Amino acid sequence: MLKQSIGITLIQIFSLLLSLFSVFYVAANISPETYSLLAVNNIIASIYTIFSNVGFETYAIRNVLAWKKEKNYTKIKKFISQTILLRIVLAFILQVPVIIYIIYISHNKFDGQFYGLFILMSIAGIFSAVKNSSFLLLKSFNKYFYAIFIEYSISIFGKIISLFIFTIYGFYAFVLSI
């Protein structure tokens with residue numbers, strides 16, 4: 001348990017340091033108007049992650065280990081499948097308000113530009129919601145280290161690749177890579 005705690009702490013520290021570096025590196029090399037595209041990306045991803053979560057994963061965290069102890073594997077498989085499917089369905093339903101937001105922000109703040117980029121961000125938001133669901137479901141099996149390792153390794157590798165793309169190809173390729 002202590003090894004897992006140390007591992008989790010090291011992964012979080014490395015991710016935090018990389019985040020700080022990437023934010024300042026990118027912000028120093030682009031204009032504030034261009035940097036606001038990253039804020040729009042964060043808003044869109046947050047909408048999917050927050051509003052597609054109806055609490056099934058939390059219910060799983062409380063009950064999956066008890067079901068496992070009772071050897072009720074059919075119930076676990078059914079519940080996990082339903083949870084992921086519900087998250088995907090809700091993420092697709094959220095497309096409606098997100099597209100309304102995209103149209104508004106594109107026309108009122110960016111003079112009709114970046115509509116396609118914002119749609120790509122919306123599609124990425126669906127994957128973000130599913131990734132969040134998977135993270136929480138891993139925790140329900142008491143696999144905290146694996147859940148955090150997967151969550152942060154995706155984040156860390158994604159940031160490294162994104163910074164590389166930013167350095168080589170510029171900001172718009174960077175936004176598409178995140």
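# Exercises on the packing of helix α6

In helix α2 of this predicted model, the buried residues are Thr34, Leu37, Leu38, Val40, Asn41, Ile44, Ile47, Tyr48 and Thr49. The exercises below relate this helix and α5 to α6.

**Exercise 1.** Determine how the span of α2 and that of α6 stand against the span expected at 1.5 Å a residue.

*Solution.* Begin with α2, which covers residues 32–51 and has 20 residues. From its first C-alpha to its last, α2 reaches 28 Å, close to the expected 28 Å. Next take α6, residues 115–140. With 26 residues, α6 reaches 38 Å, close to the expected 38 Å. Beyond the helix, α6 is followed by Asn142, whose phi is positive, near 65°.

**Exercise 2.** Classify the mutual orientation of α2 and α6, and describe their contact.

*Solution.* Two packed helices are described by the angle between their axes and the distance between those axes. The axes of α2 and α6 cross at roughly 40° and come within 8 Å. Angles under 35 degrees count as roughly parallel, and those from 65 to 115 as roughly perpendicular. The two helices α2 and α6 are therefore oblique to each other. Their crossing is right-handed. On the α2 side, the contact is made by Leu37, Val40, Asn41, Ile44, Ala45, Tyr48 and Thr49. The α6 side contributes Leu117, Phe118, Met121, Ser122, Gly125, Ile126, Ser128, Ala129 and Asn132. By class, the residues of the contact of α2 with α6 comprise 10 nonpolar, six polar and no charged.

**Exercise 3.** Carry out the corresponding analysis for α5 and α6.

*Solution.* Helix α5 spans residues 95–109, and it packs against α6 at an angle of about 155°, with the axes 10 Å apart. Angles over 145 degrees count as roughly antiparallel. Helices α5 and α6 are therefore roughly antiparallel to each other. The crossing of α5 and α6 is right-handed. From α5, the contact involves Gln95, Val98, Ile99, Ile102, Ile103, Ile105 and Ser106, while Tyr115, Phe118, Ile119, Ser122 and Ile126 come from α6. The residues of this contact of α5 with α6 divide into nine nonpolar, three polar and no charged.

**Exercise 4.** Is Asn132 buried or exposed, and which residues does Asn132 touch?

*Solution.* First locate the residue: Asn132 lies in helix α6. Its relative accessibility is 18%, and buried means under 20%. Asn132 therefore counts as buried. Leaving aside residues up to four places away in sequence, Asn132 touches Thr49 and Arg87. Of these, Thr49 is itself buried in α2, and both Thr49 and Asn132 belong to the contact of α2 with α6.

Terms used:
Residues are numbered from 1 along each chain as its sequence is written. This is a predicted model: local features need pLDDT of at least 70, side-chain atom pairs count only at pLDDT 80 or more; totals for chains, interfaces and linings use all residues. Side-chain values use heavy atoms; hydrogens and water are left out. Axes are lines fitted to C-alpha atoms, for helices over the stretch in contact, and angles run from 0 to 180 degrees between N-to-C directions. Helices (H or I, at least four residues) and strands (E, at least two) are DSSP runs, numbered from the N terminus. A crossing is left-handed if the near helix is turned anticlockwise from the far one by less than a right angle, and right-handed if clockwise. Contact means heavy atoms within 4.5 Å. Ala, Val, Leu, Ile, Met, Phe, Trp, Tyr, Cys and Pro count as nonpolar, Asp, Glu, Lys and Arg as charged, and the others, Gly among them, as polar. The expected span of a helix is 1.5 Å times one less than its number of residues. Buried means under 20% relative accessible area, exposed over 50%, partly exposed in between (1.4 Å probe, protein chains only).
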